[in-house]
Amino acid sequence: MATCASPTNPDDRLAEAVAELRREHRRTADELEALRGFEDRVRAIPSEEHTARSRPAIGVTTATVGTTTGLQQVQAAYESTLMSVPHYLEEYDDTYPESLAEEFSPDIASALTDGTEFNGRCKRAVLSAISTSQSARKLLLGVTDRERDSIRAAQDDVVSLAEELDDLEAMSFSEETFGALDAYRARLEVMRNRCGEISDRRQRSIFDQRRIQRFPSNVPDVTAYFYQDMDVEYPVMSIVAELLNRIGALQTRVEREMAFCHG
């Protein structure tokens, strides 16, 4: 009797996917909270405005012993918030300038690391960049929630199909009547169509998530971003592909029996 060797347990794979989403949600929430803390710290730092009369001579530092400049205060604030989230070393592990460039922009990084003062213009640019990063994190939290709902909706369907296939694969079909075999063949076709519906629904969900949330150019879609640590980037679609293979093998068995059936 032909059977599908060691089919993937849909519950296990999708539980792993949900765990990945839970981790991403927690990390994103931590980063959003860190951005809010950084924003509060930056707002409290006075901007440094040097007029032509008060501007120090070339080669003379503006900071006195025991004081810190605005740029130094910004760095301390950044390092104690965004660079101190629990997953920072595991996820990023980059330097202060590298982190600024990645989080905000190379221009912001240059202004905060190569600049000479934290003036009003620089402060406004940093606060604007913080606001943009906060908005992106909020969007990502929403995408994570919607993806989790989509996975859970698919989970019930694929688990039900897999369990029914387990029962059908355990049958021999050799003693069944032609009418019974025809009914099994019709049921398998219904199951194939159901797989198609699940696949179409998932593709629409992935497309909608991509439209809502912008990912880096090297990340094709939401699943590649969320499930990069799994052995598959498309957990639902990979399960559907396995189910279709199993359905195809069963259809072949049923049709072979129908060809030799005399009753």
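1. The secondary structure of the protein chain, in what is a predicted model, comes to nine helices and zero strands. Reading along the sequence from one end to the other, you will therefore meet one helix after another, in the pattern α-α-α-α-α-α-α-α-α.

2. Some totals for the chain help before turning to single residues. Of the 263 residues in the protein chain, 40% are buried, and the chain exposes about 14,700 Å², with carbon and sulfur atoms supplying 49% of that area. When contacts with a separation of 6 or more are considered, 78% of them are accounted for by residues that stand 24 or more positions apart.

3. Salt bridges deserve a careful look. Side chains of opposite charge can pair when their charged atoms come close. In this model the count comes to 18 salt bridges, and the points that follow take up some of them.

4. One of these salt bridges joins the side chains of R137 and E31, with a distance of 2.7 Å from N to O. The pair links distant parts of the chain, since R137 belongs to helix α6 and E31 to helix α1, 106 residues apart. Are these two residues buried or exposed? Both R137 and E31 are buried.

5. A second example is the salt bridge between E147 and R202, in which the closest N and O atoms are 3.0 Å apart. Because E147 lies in helix α6 and R202 in helix α7, which covers residues 178–212, the pair ties together parts that are 55 residues apart in sequence. The limit for a buried residue is a relative accessible area under 20%, so E147, with a value of 0%, counts as buried, and R202, at 2% relative accessibility, counts as buried for that reason too.

6. A third salt bridge is formed where the side chains of R194 and D157 meet, at 2.8 Å from N to O. Here R194 lies in helix α7 and D157 in helix α6, so the pair ties together parts that are 37 residues apart in sequence. The two partners fall into separate classes of accessibility, because R194 has a relative accessible area of 27% and is partly exposed, whereas D157, at 18%, counts as buried. This pair also belongs to a network of salt bridges, in which D157, R194, E197 and R201 are linked.

7. On the surface, there is a patch of negative charge, and it is worth finding its members in the structure above: D11, D12, E16, D156, E163, D167 and D231 gather there. Which helices each supply at least two residues of the negative patch? They are α1, which runs over 10–43, and α6, which runs over 120–169. As one member to examine, D11 is found in helix α1 and is partly exposed, because its relative accessible area is 35%, a value that lies between the limits of 20% and 50%.

8. Finally, a residue outside the helices may be considered, namely E49, which is found in the loop between α1 and α2, the latter covering 70–80. At 52% relative accessibility E49 counts as exposed, because the class of exposed residues begins over 50%. Which residues does E49 touch, if those up to four places away in sequence are not counted? E49 touches N119 and G120. In addition, E49 and R121 are 72 residues apart in sequence, while their separation in space is 9.7 Å from C-alpha to C-alpha.

Notes:
Residues are numbered from 1 along each chain as its sequence is written. This is a predicted model: local features need pLDDT of at least 70, side-chain atom pairs count only at pLDDT 80 or more; totals for chains, interfaces and linings use all residues. Side-chain values use heavy atoms; hydrogens and water are left out. Patches are made of residues with over 30% relative accessible area and no salt bridge: like charges are joined within 9 Å, nonpolar side chains (Val, Leu, Ile, Met, Phe, Trp, Tyr) within 5 Å. Accessible areas come from the Shrake-Rupley method with a 1.4 Å probe; for residues, only the protein chains shown count as cover. A salt bridge is a side-chain nitrogen of Lys or Arg within 4 Å of a carboxyl oxygen of Asp or Glu. Lys and Arg count as positive and Asp and Glu as negative; His and the chain ends are not counted. The place of a charge is taken as NZ of Lys, CZ of Arg, CG of Asp or CD of Glu. Helices (H or I, at least four residues) and strands (E, at least two) are DSSP runs, numbered from the N terminus. Buried means under 20% relative accessible area, exposed over 50%, partly exposed in between (1.4 Å probe, protein chains only). Contact means heavy atoms within 4.5 Å.
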